[in-house]
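The exercises below concern the structure shown next. Each sets a task and then works through its solution.

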Number of protein chains: 2
Amino acid sequence: MQRIVVLAGGIGGARFLRGLKSAVPDADITVIGNTGDDIHLFGLKVCPDLDTVMYTLGGGIHEEQGWGRSDESFAVKEELAAYGVGPEWFGLGDRDFATHIVRTQMIAAGFPLSAVTEALCRRWQPGVRLLPMSDDRVETHVLIDDPDGEGRKAVHFQEYWVRLRAAAAAHAIVPVGAEQAKPAPGVLEALAEADVILFPPSNPVVSVGTILAVPGIREAVADAGVPVVGLSPIVGDAPVRGMADKVLAAVGVESTAAAVARHYGSGLLDGWLVDTVDAGRVGEVEAAGIRCRAVPLMMTDTEATARMAAEALRLAEEVRG
Amino acid sequence: MQRIVVLAGGIGGARFLRGLKSAVPDADITVIGNTGDDIHLFGLKVCPDLDTVMYTLGGGIHEEQGWGRSDESFAVKEELAAYGVGPEWFGLGDRDFATHIVRTQMIAAGFPLSAVTEALCRRWQPGVRLLPMSDDRVETHVLIDDPDGEGRKAVHFQEYWVRLRAAAAAHAIVPVGAEQAKPAPGVLEALAEADVILFPPSNPVVSVGTILAVPGIREAVADAGVPVVGLSPIVGDAPVRGMADKVLAAVGVESTAAAVARHYGSGLLDGWLVDTVDAGRVGEVEAAGIRCRAVPLMMTDTEATARMAAEALRLAEEVRG
């Protein structure tokens with residue numbers, strides 16, 4: 001059985017994984033999920049990326065929105081607002097609240113996030129092994145021009161992304177706590193035993209980049225001795241969804257499919273898929289020592305996404321030679 | 001302005017208070033609420049009696065049910081059950097959850113329950129000053145015949161009351177932590193400054209009895225030097241609602257309006273109202289040194305309840321002499 005390890009963020013990672021499962025239903029898939037966008041709200045621990053993967057693969061996702069639960073209601077949030085308790089800009093629905101209540105209760109009882117995630121997945125049966133990148137707290141902060149005053153200030157990634165819609169100029173992205181964090185149990189083992197490692201078209205800075213910022217993970221990917229293949233989240237010099245261009249700019253990387261590949265670098269990446277509209281950049285990527293192919297990269301439905309995943313695995317085999 | 005202090009449990013206390021407010025709208029009413037039935041559920045601190053008083057007086061109560069919120073939904077609870085997380089026997093609705101989330105978050109931030117209760121009441125504006133009997137944790141446990149096996153076991157009051165519907169034989173009622181608890185800020189001061197102290201037709205064992213079990217409160221009631229008048233929760237030798245007879249039996253008290261008065265005792269009570277059907281017991285109460293009157297005691301609506309409250313205040317004036 002082919003062992004595939006995927007480093008995933010939220011919506012992009014989750015949708016890619018659905019395509020991957022469809023492309024290779026018998027594969028043994030381990031997902032290392034980003035927890036840098038985790039946030040404590042109302043005293044509850046919220047893990048947006050892990051939940052998006054879990055809900056998407058488990059059939060509970062709000063399809064159009066891409067995050068949160070289907071058939072969602074908002075009574076709790078309305079009541080919290082009636083108490084004057086916010087933030088109101090983060091959309092937590094009633095069904096979603098239950099997930100955070102269970103998680104918070106288990107963490108308070110002493111279970112690490114990896115054990116909690118496993119327990120939550122017992123219900124959702126995502127068909128992959130979902131691991132948080134770390135059981136330690138890592139929280140991505142963004143240094144921005146203060147929207148309410150002079151100077152700069154650091155805000156939680158969710159505040160930058162969800163509340164400010166990435167409209168404030170970002171000067172630095174800091175995964176607070178990452179340097180002290182340890183990979184969660186199973187992460188390094190999964191990488192060491194992988195047959196192929198994939199980077200889905202997730203955000204290269206605040207999703208995959210944050211996972212790679214946990215000491216040991218970047219090295220384990222580089223040293224795995226197996227093909228590492230990524231898919232560009234940038235198509236036609238713009239992010240397919242989200243605001244990756246803003247955070248790429250903050251780390252000094254151009255918003256092109258080739259620049260993202262060079263940002264990961266040939267020390268990490270063996271292969272890179274760009275969209276057909278970016279076929280002109282294949283040479284630029286290959287010049288950086290990374291095998292590159294141009295294929296359709298729009299995840300319009302599961303079938304199209306499965307073809308992308310199959311192309312990534314094909315490129316991996318080609319790289320393996 | 002007349003200063004009235006009321007020692008209140010849940011539904012009975014809350015409905016009585018609504019009548020009292022209607023009878024004396026200009027009075028300064030302080031409510032000392034029972035917290036012995038507080039319970040931690042799903043990692044959240046739930047205060048059923050305080051909330052019933054707050055919701056009832058604030059217009060948010062589920063009228064027919066007597067507890068919980070009106071227009072309630074149960075998405076969170078359904079989801080928790082889908083995770084296999086219980087208990088399922090405790091009916092927490094989505095709107096109610098928000099209250100417990102706010103409370104738990106404030107307590108985690110270091111606020112005492114009395115400050116939290118005051119904050120919650122800023123929204124509900126109950127028109128009374130609602131104080132928990134104590135900021136310290138007190139939890140009423142009931143020693144019962146184990147419904148699942150041989151022998152006896154102690155269960156949380158809510159498990160006995162809500163899950164088991166008081167069907168298991170109760171041998172003892174223990175307010176765990178009461179001996180070490182201190183009255184919440186304002187409790188002793190309110191009693192010392194009261195013009196009259198009332199015991200509504202709340203449960204004499206697990207509601208009013210638990211409040212009196214906090215060291216200092218019973219003494220403050222007895223030493224206040226003002227009329228203390230109660231209303232019988234037992235009418236025609238049976239509780240008007242709830243299962244007070246079961247917990248009275250556990251403490252060796254007959255389920256009669258007179259026995260409850262004697263249980264409080266003339267050291268505490270100056271006056272006692274029994275229902276007209278129990279007029280035959282007035283002599284028995286007065287023989288115990290407690291002034292007694294028989295008046296209608298069914299809280300069928302706010303008007304009837306206001307008349308009961310007015311009778312209690314009238315008896316207090318009579319006692320004051």
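A salt bridge is a side-chain nitrogen of Lys or Arg within 4 Å of a carboxyl oxygen of Asp or Glu. The model is predicted.

**Exercise 1.** Describe the interface of domain 1 of chain A and domain 2 of chain A, and state how many salt bridges the rule finds across it.

Solution.
1. Begin with the bounds: the domain assignment of chain A places 3–134 + 184–320 in domain 1 and 139–179 in domain 2.
2. Next, take the separation: the centres of the two domains, over C-alpha atoms, are 21 Å apart.
3. Then turn to the contact, in which 22 residues of domain 1 of chain A meet 19 residues of domain 2 of chain A.
4. The area buried between these domains is about 1600 Å², and carbon and sulfur atoms give 69% of that area.
5. On the domain 1 side, A:Trp89, A:Met243 and A:Ala250 lose the most area to domain 2, together 36% of what that side buries.
6. Finally, apply the salt-bridge rule: it finds zero across this interface.

**Exercise 2.** Determine how helix α1 of chain B and helix α13 of chain B pack, and at what angle.

Solution.
1. Helix α1 (residues 11–23) and helix α13 (residues 302–320) of chain B have axes 7 Å apart and an angle of about 75 degrees.
2. Angles of 65 to 115 degrees count as roughly perpendicular, so α1(B) is roughly perpendicular to α13(B).
3. Residues making the contact include B:Phe16 and B:Leu20 of α1(B), and B:Ala306 and B:Leu313 of α13(B).
4. By class, this contact of α1(B) with α13(B) has seven nonpolar, four polar and two charged residues.

Methods. Residues numbered from 1 in each chain as written. Chains lettered and ligands numbered in written order. Predicted model: local features only at pLDDT ≥ 70, side-chain atom pairs only at ≥ 80, totals over all residues. Heavy atoms only, no water. Axes fitted to C-alpha atoms, helices over the stretch in contact; angles between N-to-C directions. Helix = DSSP H or I, 4+ residues; strand = E, 2+ residues; numbered from the N terminus. Parallel < 35°, antiparallel > 145°, perpendicular 65-115°, else oblique. Contact = heavy atoms within 4.5 Å. Nonpolar A, V, L, I, M, F, W, Y, C, P; charged D, E, K, R; others polar. Domains from an automatic or database assignment. Buried area = accessible area lost by both parts, 1.4 Å probe.
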